[in-house]
Amino acid sequence: MKIAVDKLVAGGIAVAIAVLTASVVLGLDRPAHAAAAGTTTVAVPAPTGIADLRQPGVKRAQVVFAGGCFWGVQGVFQHIKGVDNALSGYIGGSAANATYPRVGSGSTGHAEAVQVTYDPSQVSYGQLMQVFFSVAHDPTQLNRQGPDRGTQYRSAVYADDAAQRGATRAYIAQLQQAKTYAAPVVTQVEGGKPFFAAEGYHQNYLTLHPESLYIRINDLPKVVALKQQFPALYREQPRLVSTTISAR
């Protein structure tokens, strides 16, 4: 794995040196500005009204969540009961540019994202949103997430199903009205965008590289928060995906 260094900027010289050293030793394949100061989570209310989408009779549904680096977002959803598949990838741009080096430039229109396939009889769309807007990422950060900067780290929900898009917009309005966060929610809601799977070495990254400094600081706390805040949804063994996806 290569080491990109365009994220090693903020946080002080000592922290930056520590991150760079750990990147070399641990194979940290993230162009990280710097290590984050830790991950904070917010307890959010459960969706109500049309936001509480249940999808009765549907056996298999899908949605794409973009919330910064896909390592942590994938890791969170892989630990949720009823999620059959959580695949890291890119959305919002063309197939020709859907590669990690190109997306990382911030010029392709893609966002790092996770395609979540789930069984609505085991976990509702509303419950997935509640996790996404609380422990998986911070929906008030515009075109960034923690230490990562750029439009490729934007907060967004991509749903081809109109009911999912309506539920998402209703839930954002519910959160705004409840003043859940100190800042406005900036999450985009879109549909009709093709999703492209990320390279194999990005899949299951949180599970396969728990020693990574980036993972320890930014992502493992999200899984801990999931277990603490949503014990009924949490499963101890993550549902992993194939890592044999061809590099582009």
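Which residues in α4 meet which residues in α7? In this predicted model, V131, S134, V135 and A136 of α4 are in contact with K222, A225, L226 and Q229 of α7.

**The α4–α7 pair**

Two packed helices are described by the angle between their axes and the distance between the axes. For α4 and helix α7, which spans residues 213-229, the axes come within 10 Å and cross at roughly 130°. An angle that is neither under 35 degrees, nor over 145, nor from 65 to 115 counts as oblique, and α4 and α7 are therefore oblique to each other. The crossing in which α4 passes α7 is right-handed.

S134 belongs to helix α4. Its relative accessibility is 2%, and because buried means under 20%, S134 counts as buried. Leaving aside residues up to four places away in sequence, S134 touches T41, V42, V44, Q229 and F230. One of these, Q229, is also among the α7 residues that meet α4.

**The sheet and the helices across it**

Six strands form an open sheet in the order β7-β6-β1-β3-β2-β8, and the pairing is mixed. The edge strands, β7 (188-190) and β8 (195-197), each pair on one side only. From one strand to the next, the twist averages 30°. Strands of a sheet pair through backbone hydrogen bonds, either parallel or antiparallel. Strand β2, residues 83-91, runs antiparallel to β8 and is joined to β8 by three bridges. Within β8, F196 stands opposite Y90.

Two helices that lie across strands are set out below.

| Helix | Residues | Strands crossed | Angle to a strand |
|---|---|---|---|
| α2 | 70-78 | β1 (61-67), β2, β3 (111-118) | about 165° to β2 |
| α4 | 125-136 | β1, β2, β3, β6 (155-158) | about 15° to β1 |

Angles over 145 degrees count as roughly antiparallel and those under 35 as roughly parallel. At about 165°, helix α2 is therefore roughly antiparallel to β2, whereas helix α4, at about 15°, is roughly parallel to β1. Helix α4 thus lies across strands of the sheet and also packs residues including V131 and V135 against α7.

**The chain as a whole**

The chain contains seven helices and eight strands. Of its 248 residues, 52% are buried. Among contacts with a separation of 6 or more, 82% are between residues 24 or more positions apart. The accessible surface of the chain comes to about 10,300 Å², and carbon and sulfur atoms account for 57% of that area.

How values were computed
Residues numbered from 1 in each chain as written. Predicted model: local features only at pLDDT ≥ 70, side-chain atom pairs only at ≥ 80, totals over all residues. Heavy atoms only, no water. Pairing = 2+ DSSP bridges. Helix = DSSP H or I, 4+ residues; strand = E, 2+ residues; numbered from the N terminus. Axes fitted to C-alpha atoms, helices over the stretch in contact; angles between N-to-C directions. Contact = heavy atoms within 4.5 Å. Buried < 20%, exposed > 50% of the residue type's maximum accessible area, 1.4 Å probe, protein only. Areas by Shrake-Rupley, 256 points an atom, 1.4 Å probe, with all protein chains shown as cover. Left-handed = near helix turned anticlockwise from the far one by under 90°.
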